[in-house]
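Trainee: I should like to take a close look at a single part of this protein. Could you begin with one residue and then follow its surroundings outward in a connected account?

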Amino acid sequence: MRNRTTTRVLTAALAITLALTGTAGAAAARTAPAKRVFNSLQIIFEPDRPDDFCTIGAVGTDRYVRTIAISAGHCLTDPTGRYGDRDIPENVQPVYDRADPAFGPIGYVRYFKDRKGSMTGDPVKDYMIIELVPSVTPSARGPYLTETGELEVPGGQPSPNALNPPLDGERLLATALNDTNELVVSGQLGVSYGRVTANRSGIYQSWAQHKRGDSGGPAIWHEPGTAYPTPGNGLTAAGPWAGITKAIVLGVPPYVYTSSANILADLRARDAVSPGVYGAGFHVTANP
């Protein structure tokens with residue numbers, strides 16, 4: 001869940017964006033040092049509000065060869081109704097590395113599902129697409145988690161957002177008593193893991209913990225037989241991207257995640273209606 005609500009209208013960022021797209025801004029972008037962008041990177045939307053942050057969950061490319069990062073949709077809101085729930089080719093909302101805002105924008109928001117008054121975001125489509133700028137380097141390796149691709153669940157229940165027939169990456173983890181699917185997550189608490197106890201329309205409930213500000217952060221599937229994060233391996237783990245942090249709710253356990261299946265399925269469905277959708281056909285980068 002997000003650390004604090006963004007209340008400033010998206011269009012308020014327009015003047016900042018225009019200032020950055022002039023000649024001086026372009027020269028700075030050409031000379032800026034390379035920067036890695038990876039899962040668990042904390043992001044802000046205004047440099048003067050460092051405590052109003054979210055987290056990146058996955059980094060890769062889409063079918064149109066654009067470099068993409070994914071976070072949570074409820075990290076932004078748009079009371080004007082001009083930008084929510086549509087592709088945003090305009091550079092109206094820059095995204096900054098919270099730890100290094102002086103670098104300038106690492107990308108621009110290209111889509112976010114407006115939460116429409118819900119503090120925990122849309123029930124099944126709570127995601128944001130960020131197009132990264134050319135001067136950054138996408139990486140699959142975060143401080144704790146390395147994402148090895150996208151989770152595929154052959155034969156699993158389809159995401160409610162999926163077209164028919166669904167792809168394997170648009171199918172969901174099972175949560176029956178004899179299923180032992182686990183998520184491994186990374187955020188301000190370091191790394192945590194736990195069993196997926198419920199799947200409600202592609203929203204996973206799990207004992208894997210997070211805290212406010214981790215919204216959009218990474219969740220991978222623990223592949224049976226692979227190492228759990230321990231002090232002996234630096235608390236690291238590797239596995240396919242399974243979703244992003246959504247919220248802390250009243251429930252047991254209280255930690256919920258938007259499945260990667262819901263995100264990938266909605267991107268493909270939107271692209272089928274209007275080809276060119278930012279993020280459609282997303283694949284996690286293979287860059288270290």
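**From one loop residue outward**

Mentor: Leu235 is partly exposed, with a relative accessible area of 31%. The model in which we examine this residue is a predicted one. Leu235 belongs to the loop between β16 (218–221) and β17. Its phi is near 60°, a positive value in a residue other than glycine. Such a value merits attention, because most residues other than glycine have a negative phi.

The strand that follows this loop is β17, and β17 forms a hairpin with β18, 6 residues lying between the two strands. Their pairing is antiparallel and extends over 5 bridges. Within the pairing, Ala247 has Val256 of β18 as its bridge partner. Pro253 lies in the loop between β17 and β18 (255–259). The peptide bond leading from Val252 to Pro253 is cis, with omega near -5°.

Now consider β18 itself. How many of its residues are buried? The strand is mostly covered, with 5 of its 5 residues buried. Tyr255, Tyr257 and Ser259 point one way from the strand, while Val256 and Thr258 point the other way. Besides its partnership with β17, β18 pairs with strand β15 (residues 203–206), in the antiparallel sense and over 4 bridges. In that second pairing, Ile203 stands opposite Thr258.

We may next examine the aromatic residues, which lead back to β17. A search of the whole structure finds 3 aromatic pairs. One of them is formed by Tyr111 and Tyr127, a tilted pair with 5.3 Å from centre to centre and 35° between the planes. Tyr111 is in strand β7 (residues 107–112) and Tyr127 is in the loop between β7 and β8 (128–132), so that the pair links parts of the chain 16 residues apart. Tyr111 and Tyr127 are both buried. In another pair, the rings of Trp241 and Phe282 have their centres 5.6 Å apart; because their planes stand at 70°, this pair is edge-to-face. Trp241 is in strand β17 (residues 237–248), and Phe282 is in the loop between α3 (260–273) and β19, 41 residues away in the chain. Trp241 and Phe282 are likewise buried.

Tyr111 has a further neighbour, since the charged end of Arg270 sits over its ring, 3.7 Å from the centre. A comparable arrangement involves Arg98, whose charged end sits over the ring of Phe53, 3.9 Å from its centre.

Trp241 also introduces the nonpolar interior. Which residues touch the most other members of the largest nonpolar core? Of its 43 residues, Trp241 and Ile106 do so. The elements giving two or more residues to this core are β4 (58–61), β5 (67–71), β7, β8, β17 and α3. Sequence neighbours within four places aside, Ile106 is in contact with residues that include Val37, Leu41, Ile43, Val95, Leu132 and Val136. Apart from this core lies another, of 15 residues, among them Leu173, Val185, Ala242 and Tyr257. In soluble globular proteins, nonpolar side chains tend to be buried together.

Ile43, one of the contacts of Ile106, leads to the sheet. The bridge partner of Ile43 in β6 is Asp97, and 2 bridges join strand β2 (residues 42–44) to strand β6 (residues 94–97), the two running antiparallel. These strands belong to an open sheet of 8 strands, whose order is β3-β2-β6-β7-β8-β5-β4-β19 and whose pairing is antiparallel. The edge strands, β3 (53–55) and β19 (283–284), each pair on one side only.

Finally, two local features elsewhere invite comparison with those described above. Ser40, in the loop between β1 (35–37) and β2, has a positive phi of about 85° although it is not a glycine. Ser40 is buried, with a relative accessible area of 13%, whereas Leu235 is partly exposed. A cis peptide bond joins Asn164 and Pro165, with omega about 0°; Pro165 lies in the loop between β11 (157–158) and β12 (171–172).

To place this part in its wider context, the protein has 3 helices and 19 strands. Of its 288 residues, 56% are buried. Among contacts between residues at least 6 apart in sequence, 68% join residues at least 24 apart.

Methods:
Residues numbered from 1 in each chain as written. Predicted model: local features only at pLDDT ≥ 70, side-chain atom pairs only at ≥ 80, totals over all residues. Heavy atoms only, no water. Buried < 20%, exposed > 50% of the residue type's maximum accessible area, 1.4 Å probe, protein only. Contact = heavy atoms within 4.5 Å. Pairing = 2+ DSSP bridges. Phe/Tyr/Trp six-rings, centres within 6.5 Å; stacked < 30°, edge-to-face > 60°. Lys NZ or Arg CZ within 6 Å of the ring centre and 35° of its normal. Core = buried A, V, L, I, M, F, W, Y, C linked by side-chain atoms within 4.5 Å.
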